[in-house]
Amino acid sequence: MTSTDISAPSVDGEERDDRKTRRPAPSPGPAASARRRARRETLAGYLFLSPWCVGILLLTLGPMLVSLYLAFTDYNLFDSPRWVGLRNFSEMFSDDRWWQSVKVTGLFVLIATPLKLAIALGVAMLLVKPRKGQGFYRSAFYAPSLIGASVSIGIVWRALFQDDAVVDRSLSLFGWSGGGWIGDPDWSMPTLIALSAWQFGAPMVIFLAGLKQVPRELYEAAEVDGAGAWRRFRSITLPMISPVVFFNLLLEIIHSFQIFTSALVIAGPGGGRAGGPGDSLLVYTWYLYEQGFSNLRMGYASAMAWMLLAGIAVVTAVLFWSQRRWVHYEEGGR
Amino acid sequence: MSSRLSRTTGLRALGAGLVALGLLASGCGGGGDSGDGKVTIRYSWWGAQDRADLINKTIELFEKEHPNIEVKTDFQEYGDFWTKFNTQAAGGNPPDVFQNSHAFLRKYGQKNLLLDLNAQVKAGNLDLSDFRQGLEKAGEVDGKLLGVPVGANTFTVVYDVEAFKKVGVTPEPGWTWEDFDKAVEKISGSKKDFWGASDNGGVMYLYDLYLRQQGKAFFTEKGLGFTEADLRKWWGDHREKSKEGLLVPAKQSEQVKPKSSVSAELSAAEFTWDNFLVRYTSETDKELALAPIPTMDGKKTGQYLSSLMLSASARTKHPEEVATFIDFMVNDPEVGKIMGYNRGVLPTNAQFEAYKPEGPDAMIAEYENSVTEYLEPITPHPAGTDTVEAAFLSIYGSVAQGTTSVDDGVAQFFGEAKTALGS
């Protein structure tokens, strides 16, 4: 949103100015030329925008509308789509693997998101105090977010957590001999969550920015009143940065719903089928991908995509509704 | 002043837009043939790097003999290969020629994606006269020639020679499941973290042979050739053996992927295709050997010859060149020498005789030679076979991991198979 405000102010702004001047002064001469000028500038504006407009129409909006249509069809990519009404949607509810994917993704969102944000906030609070080598630490903690979504990190992660690999051996030094984590349906999910939590850099940077905005006087005043560290955190830090928490939460939840690459790589080769050991890592987008591109059921996959969109929309709506209760904006009524 | 400025900006924007459009258009139109009469064909296959190294050598050879044809290559592992292929094919841009197998002939044949190569055979661009017995018709579906074999393989037990010798069981033609179970039991008790056999309850091709030994088969022309009760017994038996500690636990075998349990030295026997011996022996120092599938009656193994093939896309603009390419790949003796048995025993007499197998390849040749007399016609592979195979493996995986009961797993499999086979 901010980007459009910044990138196209001149066109929009001048047009509005022009209208304002036109209304009180109806003399034909200058108004006509002003209108011409405005029109020309509007045209130029649209021309500048056109690459993005074409991009959105062709690459986002178009495919989305097509997929909405396909969601109501039986479509195998090769024969023409056949209308089946709501059958794809009703099939989902009797599809065990669909439920499994909803369960896995829900669990991941519920655990990974708060964990990641908690770590991000914790590290941000450590890094906000000026100290030596601050820049280095900030970059170091941010680095995993830059490379985390890549396939290579998934592979490294897999190698770390395999049977008799680094993690397994380190833990056995402390008397825990659990075997590798990857092949065990009970432990593959924690592996995936750990990988996600480790990429806390992006929310951390945002938290850092938020923390810096909190006025020092508030803390000083609280200290004078005898408030302890926990009390200061709960009564000052959290309320003051709640808009940032809200923003991060929203972003990370949406992000978590769409987890794909890391699950795919961690679970490794699955004999042409997704899901990892006992379908324990069958995340939603992955099942969608399998149905669409392996099983050639693009209609069903499209319907699944729209269900995911609906799910994310509901969660987002609930979050927005709930923010009245816990997010404090400075201009707001407190 | 400002109006002139805006006009020039407008024009510039227009110009920039046109340039961008031009770039887009030229980008999309790329990949055509260059003007010097040279034809480019695209070839893709699945496999690991070792296969790619060999194939690239054969392509060099081909391009030297056919300087007017250029071959562009692309390969992935099995699972990724087909998702990429599907995406390309759906976009009307599949490779001109690609690796294929029985499981996919009907699936893509029905969708009119595969070129009927009979016309090219008639035109003399593709010579099928030299194929070894049982292979000439391997790629034929309903009278159409949809694939040409590049290698033949049959199912086998890869076993640990020393482990079997120790317990006094010799895997040989005519051995029975009783012999096999006895050996497995003895081996499993002998050592910690070592089991008599891998848990292959999810391997469709093994279950197919087991059914064929009883006069049934995994597939009929139309759908599944067995009942839920049959499968409950097959999976139930495997679970029981596993609980008795006779089969490699799923948690262990999952960890060592992509290695197999036998080459990771967890088990003494594994059921698979015979050409996998090449890969397995490269992964372990243990002595491995091949034996036919155990039987019920001392005779019938149910085995048949399968093959990897080359298929051509029905949309190719260069059917002649593609046929020439396939012809070269299956008939040229030098190609046979380079490829060895990477994709199975070489398909034509010329290649088979040109290549002198050593090591594991020699064992594969000897093994296939020894079972030839028992081989029977192949089980039908209806459209959807690949999906069913993957479901069979994955659902049994859940059963073996203990996250699904045998009964639930069987019900789930039959549900998914019904969807996949469209019956």
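In the predicted model, strand 6 of chain B (residues 148-153) is largely enclosed by the rest of the structure, because six of its six residues are buried. Burial here requires 20 or more other C-beta atoms within 10 Å of a residue's own C-beta atom. Strand 6 of chain B is paired with strand 10 of chain B (residues 306-312) in the antiparallel sense, over five bridges. Within this pairing, B:A152 has B:S307 of strand 10 as its bridge partner, and B:P149 stands opposite B:M309 of strand 10.

Strands 6 and 10 of chain B belong to an open sheet of five strands, with the order 2-1-3-10-6 and mixed pairing. The edges of the sheet are occupied by strand 2 (69-76) and strand 6 of chain B; each has a single partner strand, so one side of each is left without a neighbour in the sheet. For strand 6 of chain B, this edge position is found together with burial of six of six residues. On average, neighbouring strands of the sheet are turned by 25° against each other, direction ignored. In general, strands of a sheet pair through backbone hydrogen bonds, in either a parallel or an antiparallel arrangement.

Two helices of chain B lie across strands of this sheet. Helix 3 (residues 78-90) of chain B lies across strand 1 (39-46), strand 2 and strand 3 (97-101) of chain B, and runs at about 120° to strand 2. Helix 4 of chain B lies across strand 3 and strand 10 of chain B, with an angle of about 115° to strand 3.

The domain assignment divides chain B into domain 1 (39-87 + 95-152 + 305-369) and domain 2 (155-303 + 378-421). The C-alpha centres of domain 1 and domain 2 of chain B are 28 Å apart. The contact between them is made by 19 residues from domain 1 of chain B and 16 residues from domain 2 of chain B. On the side of domain 1 that touches domain 2, the elements giving two or more residues are helix 4 (102-110) and helix 15 (359-371) of chain B. Helix 4 of chain B provides the largest share of this side, seven residues. By residue class, the side of domain 1 of chain B that touches domain 2 consists of eight nonpolar, six polar and five charged residues. Helix 4 of chain B thus appears in two settings: across strands 3 and 10 of chain B, and on the side of domain 1 that touches domain 2.

Technical notes
Residues numbered from 1 in each chain as written. Chains lettered and ligands numbered in written order. Predicted model: local features only at pLDDT ≥ 70, side-chain atom pairs only at ≥ 80, totals over all residues. Buried ≥ 20, exposed ≤ 12 C-beta atoms within 10 Å, placed from the backbone. Helix = DSSP H or I, 4+ residues; strand = E, 2+ residues; numbered from the N terminus. Pairing = 2+ DSSP bridges. Domains from an automatic or database assignment. Contact = placed C-beta atoms within 7 Å. Nonpolar A, V, L, I, M, F, W, Y, C, P; charged D, E, K, R; others polar. Axes fitted to C-alpha atoms, helices over the stretch in contact; angles between N-to-C directions.
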